[in-house]
Amino acid sequence: MLLRPVYFSIPSMNQAHIHLIVNHVPIVGSLFAFVLLGVGLLQKNSSLIRAGLVAVLAAGLLCLPAQLTGEGAAKVVQDLPRVSRALIQNHEAAAEQGFWVLEGAAGLALFSLLLLKNASPRAQLLSGLTLVVTALSFGLLARAGSLGGQIVHTEIREGFGTPDEL
């Protein structure tokens, strides 16, 4: 992992609490950005396109706290009953993949904004590519969220209640 984990706490909140609060933002944010950018591109509305690109950038930035608090959350839950290290590792791998794809979308969004500012004819094409990568990031982050939920919420695991669930 290239990013260093952040260890901090708020009174009566541990790293797992903080991670649970912030990890929904990139999932919902990437979906919101995708819809906003998609509508802007369909309507050929430059204001909506810009707003969608800024939303992709914001989602990319707001993904950082979720990524940085994940390791601390894992330490809190890893020794709980019915928590499997394999589930944690699967979630970590999926979250990191989704994180980097969203960061790539944010980079494309920034470049698209610069092209739009300069009235480049390639701005529309790059904005469309940003839309596709943002959709991919949403799917990957939603999957990571589902895998993360399985860590403690045994009732959503496949095979719940069977000896094979862990």
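**A guided tour of a five-helix chain**

The residues lining the largest pocket divide into 16 nonpolar, 10 polar and 3 charged. That pocket is a stop further along; the tour opens with the chain as a whole. Please keep in mind throughout that this is a predicted model.

**The whole chain.** Display the backbone as a cartoon. The chain contains 5 helices and 0 strands, and along the sequence the pattern reads α-α-α-α-α. Colour by accessibility next: of the 166 residues, 42% count as buried. Among contacts with a separation of 6 or more, 72% are accounted for by residues 24 or more positions apart.

**Helix 2.** Select residues 24-43, which form helix 2. Its end C-alpha atoms lie 29 Å apart, in agreement with the 28 Å that 20 residues should span at 1.5 Å a residue. Now show the side chains of its buried residues: P26, I27, G29, S30, A33, L36, L37, G38, G40 and L41. Which elements cover these buried residues of helix 2? The covering includes helix 1, helix 3, helix 4 and helix 5. Before leaving, step just past the end of helix 2 to K44, where phi is positive, at about 55°.

**From helix 3 to helix 4.** Move along to V83, in the loop between helix 3 and helix 4. Is V83 buried or exposed? V83 counts as buried because its relative accessibility is 13%, below the 20% cut-off. Add Q150 to the selection: although V83 and Q150 are 67 residues apart along the chain, their C-alpha atoms are separated by 8.9 Å.

Select S84 next. S84 caps the N-terminal end of helix 4, with a side-chain oxygen placed 3.1 Å from the backbone nitrogen of A86. Helix 4 itself covers residues 85-117. From the first C-alpha to the last, the 33 residues of helix 4 reach 47 Å, close to the 48 Å expected at 1.5 Å a residue. Just after helix 4, A119 adopts a positive phi of about 55°.

**Two histidines.** Select H19 and H91 together. H19 belongs to helix 1, residues 15-22, whereas H91 lies in helix 4. H19 is buried because its relative accessible area is 10%, and H91 counts as buried because its relative accessibility is 14%; the limit for both is 20%.

Now expand the selection to their contacts, leaving aside residues up to four places away in sequence. H19 touches A66, T69, G70, A73 and H91. H91, in turn, is in contact with H19, A144, L147, G148 and I151.

**The largest pocket.** Finish by displaying a surface with H19 and H91 still selected. Rolling a probe the size of a water molecule over the atoms shows where empty space is left. The largest pocket holds about 660 Å³ of space. How many residues line the largest pocket? There are 29, and H19, N23, G70, H91 and G148 lie nearest its centre. Helix 1, helix 2, helix 3, helix 4 and helix 5 are the elements that each give two or more residues to this lining. To see the element that gives the most, select helix 3 (46-77), which supplies 8 residues of the lining.

Notes
Residues are numbered from 1 along each chain as its sequence is written. This is a predicted model: local features need pLDDT of at least 70, side-chain atom pairs count only at pLDDT 80 or more; totals for chains, interfaces and linings use all residues. Side-chain values use heavy atoms; hydrogens and water are left out. Helices (H or I, at least four residues) and strands (E, at least two) are DSSP runs, numbered from the N terminus. The expected span of a helix is 1.5 Å times one less than its number of residues. A polar contact is a pair of N or O atoms within 3.5 Å; within protein, one must be able to donate a hydrogen and the other to accept it, and residues adjacent in sequence count only if both atoms are side-chain atoms. Buried means under 20% relative accessible area, exposed over 50%, partly exposed in between (1.4 Å probe, protein chains only). Contact means heavy atoms within 4.5 Å. On a 1 Å grid over the protein atoms alone, a cavity is a set of points where a 1.4 Å probe fits but cannot get out, and a pocket is an open set with protein on both sides within 12 Å along at least five of seven lines; lining residues have an atom within 4 Å of a point. Grid points are joined across faces, edges and corners, and a volume is the space filled by probe spheres set on the points. Ala, Val, Leu, Ile, Met, Phe, Trp, Tyr, Cys and Pro count as nonpolar, Asp, Glu, Lys and Arg as charged, and the others, Gly among them, as polar.
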